[in-house]
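Take a look at the model below. We will start from a single side chain and work outward to a pocket and a domain annotation.

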Amino acid sequence: MNKFLQIALEEAKKSLKEGGIPIGSVLVIDDKIVGRGHNKRVQDGSAILHAEMDCLENAGRLSASDYKKATLYSTLSPCFMCSGAALLYKIPKVVIGENKTFQGPEEHLRSSGVEVEVLDDKECYSLMQNFIKTNPELWNEDIGE
């Protein structure tokens, strides 16, 4: 498994232990993690703290030139909100653990010049599938259904 996706997966498992939705994310610049986060919608009663948003928040303020050389890793395909943040900051690459459980606007990212790589990771997939089986209402809330 990709080393940065592995850390995003650790974040996802942390969210699950906290009673949240098991999705994790890391932001990498020059082969160094500058931000990491996990879905905190349940834990913080938040409408917007998806893993990618928490990760970007935890990275703090970065320069435009930093974002332009960053890669955003996520255990699950980013939704429209999180993809929009990647586009806003001109993050050139998004690496996705899996997109079978949920597929965000990957084609929109690609058509906007973002390199999108889907790793089709079995552990990311099984983590989400197990969560959805036991928490369908939380999952539907998270994806707006």
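With which side chain does the side chain of Ser-77 make a polar contact? The partner is Glu-106, and the distance is 2.6 Å. Keep in mind that this is a predicted model.

Where does Ser-77 sit? The residue belongs to the loop between β3 (70-76) and α5. Its relative accessible area is 3%. Buried means under 20%, so Ser-77 counts as buried.

Now look at what surrounds Ser-77. Set aside its neighbours within four places in sequence. The residues in contact with Ser-77 are then Ile-96, Glu-98, Asn-99, Phe-102, Gln-103, Gly-104 and Glu-106. Glu-106 thus appears in this list and also as the polar partner.

Next, the largest pocket. Its volume is about 180 Å³. Two elements each give two or more residues to its lining: α3 (51-59) and α5 (80-88). Which of the elements supplies the largest share of the lining? That is α3, with three residues.

The lining consists of Ile-48, Leu-49, Met-53, Leu-56, Glu-57, Gly-60, Tyr-67, Ala-85, Leu-88 and Tyr-89. By character, eight of these residues are nonpolar, one is polar and one is charged. Glu-57 is the charged one and Gly-60 the polar one.

Finally, the annotation. An unreviewed UniProt entry assigns "domain: CMP/dCMP-type deaminase" to residues 1-117. In the model, helix makes up 40% of that span and strand 25%. The end C-alpha atoms of residues 1-117 are 14 Å apart.

How values were computed
Residues numbered from 1 in each chain as written. Predicted model: local features only at pLDDT ≥ 70, side-chain atom pairs only at ≥ 80, totals over all residues. Heavy atoms only, no water. UniProt positions renumbered as here; feature names shortened; annotations may be inferred. Helix = DSSP H or I, 4+ residues; strand = E, 2+ residues; numbered from the N terminus. 1 Å grid on protein atoms, 1.4 Å probe; cavity = no way out; pocket = protein on both sides within 12 Å on 5 of 7 lines; lining within 4 Å. Points joined across faces, edges and corners; volume = space filled by probe spheres on them. Buried < 20%, exposed > 50% of the residue type's maximum accessible area, 1.4 Å probe, protein only. Polar contact = N/O pair within 3.5 Å; in protein donor to acceptor, adjacent residues only side chain to side chain. Contact = heavy atoms within 4.5 Å.
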